[in-house]
Amino acid sequence: MKGKKQALSRLMYVSGLWVFLNYLSRGNLAVFNYHRIRPDSLEFRTAFDDAVFGPNRSEFKRQLIWLKRNTHLVTEAELLEVLYEGKAMPRNAVLITFDDGYRDNFDLAFPLLKELNIPAIFFIPTLLIDERQLGWWDTIAYLVKKSKKSSIRFRGRNFDIESHPREAIRFFQEIMKSEKAGSTECMLEELSQVCEVEMPGIEEINSELMTWDNLRELASHGMALGTHTHSHRVLSTLEPNEQKEEMIKSKRILEETIGKKVNSIAYPVGNYAHIDLHTHKVAKECGFRLGFSFNTGINRWEKITPLDIRRTSAPNTLHRLVATYFFPKIFT
Ligand SMILES: [Zn+2]
């Protein structure tokens with residue numbers, strides 16, 4: 001199936017079928033999401049979560065050039081004008097977003113965005129930047145990958161982390177996404193003990209995350225900053241008052257840092273299972289005007305709910321990006 005999709009997306013790109021599809025997609029807003037950009041080096045390896053890496057730098061540049069030529073790349077300000085002030089809806093609109101505040105966003109992506117004059121919104125979990133902490137998904141991957149043990153026992157279950165590290169990583173990440181926050185508070189420390197691996201040190205953490213200075217520089221070059229909550233805990237695992245605290249705190253910290261109003265939020269992890277009935281209401285009460293989910297799909301301009309805008313994960317290659325732009329649910 002994977003091979004067929006690859007072949008199909010390549011065919012769509014090479015055949016030029018996308019020119020016709022682009023005509024049919026005039027009334028859409030597609031929002032692409034990136035987490036990390038890989039360096040071009042084939043030797044590149046990470047001690048952290050492989051799953052959050054997207055295209056390498058060269059492939060990202062090819063994607064940007066195609067998007068710039070064939071779509072209308074919108075800014076956050078333009079999106080606000082269309083959704084709140086009745087400005088005409090641009091045709092073939094695409095918005096680029098980045099989540100989680102990784103250092104490679106600044107080192108690899110930002111210079112290309114600047115060079116090509118392309119806007120983006122960067123969603124920042126403020127606690128991670130402020131207190132120099134890696135997200136729970138990266139810490140889990142780090143502990144499992146660094147462990148010298150062949151298997152571990154965790155909460156009554158055995159995991160063969162030597163042969164199947166990815167399965168174990170995914171299992172622990174799933175616990176963080178679905179269990180109430182109170183029950184997972186000590187999970188990373190427990191995992192560190194059973195894996196017999198110390199938590200990542202400050203130098204390793206600093207090499208992965210942007211600094212406040214990096215973020216100020218992004219903002220001063222026209223990039224929008226949005227919040228990704230304070231701690232990046234999954235909102236559905238929190239009570240409504242805790243969700244509010246997460247949103248208000250991160251909004252205030254970001255606004256103080258960049259000296260600009262923060263209008264946008266991306267809900268952490270962000271599928272419908274990761275928010276609850278209160279989330280959109282709380283986001284509105286906190287003063288957010290745009291809210292981004294991770295529900296894959298296309299947004300039709302006339303049907304957009306501003307606090308529930310769909311985003312699609314950007315694939316690693318250009319032809320796959322083009323196919324995903326038209327058929328996100330099939331090619332993601
Ligand atoms: Zn995130």
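**Strand β6 and the nonpolar core**

Strand β5 (residues 93-99), helix α5 (residues 103-116) and strand β6 (residues 121-124) form a right-handed β-α-β unit, a crossover being right-handed if, with the strands pointing away from the viewer, the path from the first strand over the helix to the second runs clockwise. Helices (H or I, at least four residues) and strands (E, at least two) are DSSP runs, numbered from the N terminus. The model is predicted: local features need pLDDT of at least 70, side-chain atom pairs count only at pLDDT 80 or more, and totals for chains, interfaces and linings use all residues. Residues are numbered from 1 along each chain as its sequence is written.

Strands pair if DSSP finds at least two bridges between them. β6 runs parallel to β5, to which three bridges join it, and F98 stands opposite F122. Four bridges link β6 to the parallel strand β9 (residues 224-227), where A224 stands opposite I121. From β6, I121 and F123 point one way and F122 and I124 the other, and all are buried (20 or more other C-beta atoms within 10 Å of the residue's own, with C-beta atoms placed from the backbone).

The largest nonpolar core (buried Ala, Val, Leu, Ile, Met, Phe, Trp, Tyr and Cys residues joined through C-beta atoms within 7 Å) has 82 residues, of which F122, I140, V144 and L225 touch the most other members. Helix α7 (residues 136-146) gives the most to this core, with seven residues. Because domain 1 (2-127 + 223-331) and domain 2 (136-195) both give residues to the core, it lies between them; the domain bounds come from an automatic or database domain assignment.

Key. Buried ≥ 20, exposed ≤ 12 C-beta atoms within 10 Å, placed from the backbone.
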